[in-house]
Amino acid sequence: MFERIGDLLIEDQILTPAQLEDALNYQRRHGGRLGTCLIKMGLVSEQDVARILSRQYGVPALDLQTVEVPPAVLKLIPRETAERFQVLPLSRDGSSLRMAMADPTNVFALDDVKFMTGLKIEPVVACESAISIAIDKLYGSLDYGQDQIQKVMQDLDLPITALEVETNEIAGMEELEKAAEAAPVVRLVNAILNEALRRGASDIHVEPYERILRVRYRVDGVLQEVMNPPLQLRDAMISRIKIMARLDISEKRLPQDGRIVLRYVRQNKMKLLDLRVSILPTLFGEKVVMRLLDRENLRLDMEKLGFETEALAKFQEAIHQPYGMVLVTGPTGSGKTNTLYSAISQLNTAETNIMTAEDPVEFQLPGINQVQVKEQIGLNFAAALRSFLRQDPNIILVGEVRDFETAEIAVKAALTGHLVLSTLHTNDAPSTMTRLMNMGIEPFLAATSVNLVCAQRLIRRICGYCQEEYSVPARDLIELGFTPEEAEGFKPRRGAGCAHCHQTGYKGRVGLFEVMPMDEGLRELVLAGASALELKRKAVENGMVTLRRSGLAKIKAGVSTVEEILRETVR
């Protein structure tokens, strides 16, 4: 039976009973090992704790300040494992591994390291803080040097320019460039951001796996692998991103979300870029996803989004109604937010009070009252909506109708003189009405409140520099949805691949839109409990262009390819 560390410290007259009680109260409030708490409170020294731990567990104590560990031994235990268990490999003797531990009785650490290395573990005691310092010092020495980082940069074929983190006190560009030159990891992260900007990426993924570190960009909606930095840079890269996003670099067990605002120079002009950062712990380390929100890529001109002429006229008519609901539907990443922003930009006048509840607020629009939803403090979409109704609004934008409460308040607002714009996750326009009723909205409320539903997808545009015609059998075009007359002699286009599109054949994206205005016939079907299929049949009779037909129009116009339409639509 081990004697408790507190009792041993009192026995050696290093600690008084009153001080021990204070330390135990501190431990209850802040967590952590008692020895670490005592050191933080300044009641004992690290040497005292190490000596007592050695006596408590009957294993040698070691001062890690001057320890030298061979790189081959360090590589036996990954840094992540060392940090998780607060252990440090010291030396190997045949089939035995000598390892410093803050808690030599931690059987999980002993078993994991034994299984990982296949070696017998001989523990020695060291303070937790001393182990943390030694891990940073010794594993940091394994990081790749400046010349190897430069090789990674050369593989990317990038000019390394400084990216400036927007803060209250902005450092000069010269200072940033000096810092970038002095810190290889900073330069690598800058290079990754630079390349993402150059390629027009919407997202950056930094993904750790057991043996590789992968960086991917989402360009025009499709992920592309761009590089594999050395695995040893994983922790340093992620820490750098966390620092930029003002996140807790010591928290590696829980997801974190943050934001980076960068200044960068393009075409001799200083520009701002907003990055939303999401950190998620995975099996082999923390995965980072950064979403690049570039205001210049926000298209507020609805005529350039990809609407067919008649569909655009119907949509604009609906958003200019004094009340009612307009719903935009589609999966994540289908451009719903852009469509809604375009709509409210048209409606934004000095005489109109527009209020939005978003999660997150992706772009700041002047003249519009935008509210960031914060679920953790109770500010959800429903709570924001209730508050909006006391703010004398004309137009309300709800980022997403996720539940019955939000849907109910939105419907009531639409029926009491407000124009409500929102999004839903459905496959097409007709199934949106069914979705509302499945959420608990009465059919008569759904039928009377909704003015129009617009379903949409984003597809890639053919690169204008390398597009070419090619032959497709008429039967394949007919199977796709073309009429025999349309298919006869028609040659679609595709991109051959060039430097402008990074050999993909695509450059940019365009929308497919399925616009369904709610007329009396459709409302009667909703009241009668008609299925989504029956609603679709009636809407097509009324002239609705389906997503597939919208895609076929893009193929005929030489805007996109057969493969893209097949990927995003069904007949």
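Which order do the strands of the open sheet have? Let us work through that and a few other exercises together. The model is predicted: local features need pLDDT of at least 70, side-chain atom pairs count only at pLDDT 80 or more, and totals for chains, interfaces and linings use all residues. Residues are numbered from 1 along each chain as its sequence is written, and side-chain values use heavy atoms, with hydrogens and water left out.

**Exercise 1. Trace the open sheet.**

Step 1. Begin with the terms: helices (H or I, at least four residues) and strands (E, at least two) are DSSP runs, numbered from the N terminus. Two strands pair if DSSP finds at least two bridges between them.

Step 2. Read off the order, which is β1-β2-β3 in an open sheet of three strands with mixed pairing.

Step 3. Find the edges: β1 (87-93) and β3 (120-125) each pair on one side only.

Step 4. Look at the link between β1 and β2 (residues 96-101), where six bridges run in the antiparallel sense. Pro89 has Met99 of β2 as its bridge partner.

Step 5. Add the angle: on average, neighbouring strands of this sheet are turned by 30 degrees against each other, direction ignored. Here axes are lines fitted to C-alpha atoms, for helices over the stretch in contact, and angles run from 0 to 180 degrees between N-to-C directions.

**Exercise 2. Describe the second largest pocket.**

Step 1. Learn the rule. On a 1 Å grid over the protein atoms alone, a cavity is a set of points where a 1.4 Å probe fits but cannot get out, while a pocket is an open set with protein on both sides within 12 Å along at least five of seven lines; lining residues have an atom within 4 Å of a point. Grid points are joined across faces, edges and corners, and a volume is the space filled by probe spheres set on the points.

Step 2. State the volume, about 1800 Å³ for the second largest pocket.

Step 3. Look at its lining of 47 residues, where Arg79, Glu80, Thr81, Glu83 and Arg84 lie nearest the centre. Elements that give two or more residues to this lining include α6 (79-85) and β10 (285-293).

Step 4. Sort the lining of this pocket: 18 residues are nonpolar, 10 polar and 19 charged. In this sorting Ala, Val, Leu, Ile, Met, Phe, Trp, Tyr, Cys and Pro count as nonpolar, Asp, Glu, Lys and Arg as charged, and the others, Gly among them, as polar.

**Exercise 3. Survey the cavities.**

Step 1. Count them: there are three cavities of 30 Å³ or more.

Step 2. Take the largest cavity, with a volume of about 80 Å³. Its lining includes Arg199, Cys501 and Lys507, and divides into three nonpolar, four polar and four charged residues.

Step 3. Move to the second largest cavity, of about 60 Å³. Helix α13 (residues 309-319) gives the largest share of its lining, three residues.

**Exercise 4. Check the cysteines.**

Step 1. Recall that a disulfide is a covalent bond between the sulfur atoms of two cysteines. The test is a pair of cysteine sulfur atoms within 2.5 Å.

Step 2. Search the whole structure, which gives zero disulfides. For Cys501, the nearest cysteine sulfur is that of Cys498, 3.8 Å away.

Step 3. Check burial, where buried means under 20% relative accessible area, exposed over 50%, and partly exposed in between (1.4 Å probe, protein chains only). Cys501 is buried at 3%, and Cys37 is buried at 2%.
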